[in-house]
Amino acid sequence: MKPRLSKLRSRLPASCAAGIGIYLTGLTHCFSAESEIQFNRDILPILSDKCYHCHGPDEESREAELRLDILEGSTADLGGHAAIVPGKPEKSELLKRITHDDKGEMMPPPKTNKSLTDKEKKLLSKWIAEGAEYQEHWSFLPLAHEPPPQVKNNKSLKNTLDHFVQAKLEKQGLTMSPEANPSTLVRRLYIDLLGLLPPPELVKKFRDSYAVNPDDTYLQLVDALLNNPHYGERWGRHWLDQARYADSNGYTIDGDRVMWPYRDWVIRAIGDDLPFDQFTIEQIAGDLLPNPKKSQLVASGFHRNTLINQEGGTDDEQFRIEEVIDRVNTTSAVWLGLTVGCAQCHNHKFDPIAQKEFYNLFAFFNSTQDVNNTGPTLEVSQRELFIDEFDPKISKQLEDARDDLSSLDRAKKLRQTTWEKNRIHKSLSQSTANWKLLTATSFEAEGGAKLRKLDDGSLLAGKGGAREVYNLTLARPDELLSALRLRVLPNTTLPRTGPGLAGNGNFILTSFEVWQGNKRIPIKRAQADHAQPDFAISGTIDNKPDTGWAINIGEGSAPGVKMNSAHEADFVLAKALSPSDEPIRITLRHEKNDHYNIGRFAIDASSTTPSSIKDETLLAALRTGPEKRDKDQK
């Protein structure tokens, strides 16, 4: 059975192999020196639970200058006596205090409700008598290599591990269970190595072969399962749990994220028995390797498995720090076997980690930032990481596809150049609008809101109906009318200075209508200097009451855009109107949200058609040659 165990262990993921090593180490400690007291196993739990709060590594809470977590502290001279005198329990102040009858001298103090049991007192006394040996943290100790324990009945034992099991059973007065039958063995192997049940026909085949040659049959099946693709899937999930793998962001909205390529890498690495040192290097710093392969870049996704918070109003720097802390804690737990996270706030109470050491690690990871946490850094095709070599025909198809893409890219650049030239020419050849204020001769709100004309000719609306309709009659200009402009303006009397009447100063204009007499004038184009996402200006001319124009999206969400500021929208008539005595009427409707009405506004007219591009930044980018554009202009 020993070859089976070593062979099986060599193919386990590193975390699992290490786990087996730790387990076996524990067994050797338990059986090889049953009568010997061990600090980590027997004493540390007592001291950490009952004593470290006042006599541990934390200087702020330490009392009487006594430190029991290290040998130097526990054996230090404290005025003619020491808490622990190795080999001499009778001279150890610690034992005197834990057995003292006087409540004033007793330790731990009765008020802590942490009194020691008789068994714990005896363990401490025996440990001191045996020399009071301290041990390092278990994760710093090398794996022990000790001979298996001697047992009375070794006739049925087949491997080294059986000796440990048998020794414990004999101590408890128990006997080993009979060997499992072939059907049970094959089922156990499948479930343990693949997480799947064996096919019925394979069970029968295994059973028949096992009856003739059990050892070879068993080992052949182990080899077959270790080479099965499902082996990496079954054992990879343990590592993925430690790597906090998920295909979603976590936090509130928990949106989708692309992390499955990292999952595929883990499955492939474990299935291929990637050496543990390489398994570590590629995940910690795969992107820093010389000429890294795509798979090694994917492996470094270990550090992208942090939670991502995309909730509105979050502070980017705060959650960058949260990600750094997560990387420190996870890396330490997975590779060091330490709960380093406790030292984020104070010196660790139980693991030998100081707060300063936590922030040494933090400083290392603090040089990182996931600047692209909303999408994939690499384009990875499904199952690409499981393919060793492409079929030559497929490779040729890929090369042809790359050539086609290059041709398309060149054609795209040519089309863009042509489009830009035409666009610039058209934009710059269009006349500049000559806007003039149209004075409202009459105005009213159907829902009862009071409209007041201000000194500059704009109108200020008070509270009225939940979904107001404003009707304006405008003085007819004595020249051609090609376009109208709506300006929405802030005012100190409006919520958050407006320009809308909603609580946040916003509005939703669902319809902008132009009338001459009883005839509605068609509008062929609407454009605005800014619009809130999903609230484009086109929503005001599509005759739909559930679409409209809004402007508040939050300061900093777009270059130059600020909350509660003035904005404007142009409405180009399908056909210019000649001067006439018949007045022009404007209707503004707010049919989507209650009380999202415009608060202050003005109407202008132009005899010339305004440029189809209102964004001066875009116009500047178009006027700048492609080779001279900065990043924002591109």
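**Close-up views of a predicted model**

**View 1. Thr117 sits in the loop between α6 (93-98) and α7 (118-129).** As with every view here, you are looking at a predicted model. Is Thr117 buried, partly exposed or exposed? With a relative accessible area of 41%, Thr117 counts as partly exposed, because that class lies between the 20% limit for buried and the 50% limit for exposed. Look also for Ile46, which is 71 residues away from Thr117 along the chain. The C-alpha atoms of Ile46 and Thr117 are 10.0 Å apart.

**View 2. The whole chain, for orientation.** Before zooming in again, it helps to step back: the chain contains 19 helices and 12 strands. Of its 634 residues, 39% are buried. Among contacts with a separation of 6 or more, 66% link residues 24 or more positions apart. The chain exposes an accessible surface of about 36,000 Å², and carbon and sulfur atoms contribute 52% of that.

**View 3. An open sheet is built from 5 strands in the order β2-β5-β11-β7-β8.** The pairing in this sheet is antiparallel. Which strands stand at the edges? They are β2 and β8 (519-520); each has a single partner strand, so one side of each lacks a neighbour in the sheet. Further in, strand β7 (residues 511-516) pairs with β11 over 6 bridges, in the antiparallel sense. To find this pairing on screen, start at Trp515, whose bridge partner in β11 is Arg585.

**View 4. Strand β5 (residues 469-474) is largely enclosed by the rest of the structure, because 6 of its 6 residues are buried.** Val469, Asn471 and Thr473 lie on one side of the strand, with Tyr470, Leu472 and Leu474 on the other, and both faces are covered. Strand β2 (residues 440-445) runs antiparallel to β5 and is joined to it by 5 bridges. Here Ala445 has Tyr470 as its bridge partner. Strand β11 (residues 584-589) also runs antiparallel to β5, with 6 bridges between them. Along that pairing, Thr473 stands opposite Arg585 of β11.

**View 5. Helix α17 (residues 355-365) has three Phe side chains to look for: its buried residues are Phe358, Phe362 and Phe365.** Seen down the helix axis, these buried residues fall within an arc of 60°, so they line one face of α17. An α-helix has 3.6 residues a turn, so residues three or four places apart point the same way. The buried residues of α17 pack against α16 (316-336). What does the face turned away from the buried side carry? That face of α17 holds the exposed residues Lys356 and Phe364.

**View 6. Aromatic rings pair up in this structure, and a search of the whole of it finds 17 aromatic pairs.** One of them joins Trp127 and Tyr134, an edge-to-face pair with 5.4 Å centre to centre and 70° between the planes. Trp127 and Tyr134 are both buried. Elsewhere, Trp239, Tyr262, Trp265, Phe276, Phe279, Phe302 and Trp335 form one aromatic cluster.

**View 7. Two arginines, Arg234 and Arg244, lie over aromatic rings.** The ring beneath the charged end of Arg234 is that of Trp235, with its centre 5.2 Å away. Arg244 lies over the face of Phe302, at 5.1 Å from the ring centre. Phe302 may look familiar: this residue belongs to the aromatic cluster of the previous view.

Notes:
Residues numbered from 1 in each chain as written. Predicted model: local features only at pLDDT ≥ 70, side-chain atom pairs only at ≥ 80, totals over all residues. Heavy atoms only, no water. Phe/Tyr/Trp six-rings, centres within 6.5 Å; stacked < 30°, edge-to-face > 60°. Buried < 20%, exposed > 50% of the residue type's maximum accessible area, 1.4 Å probe, protein only. Lys NZ or Arg CZ within 6 Å of the ring centre and 35° of its normal. Helix = DSSP H or I, 4+ residues; strand = E, 2+ residues; numbered from the N terminus. Pairing = 2+ DSSP bridges. Contact = heavy atoms within 4.5 Å. Areas by Shrake-Rupley, 256 points an atom, 1.4 Å probe, with all protein chains shown as cover. Arc of directions from axis to C-beta.
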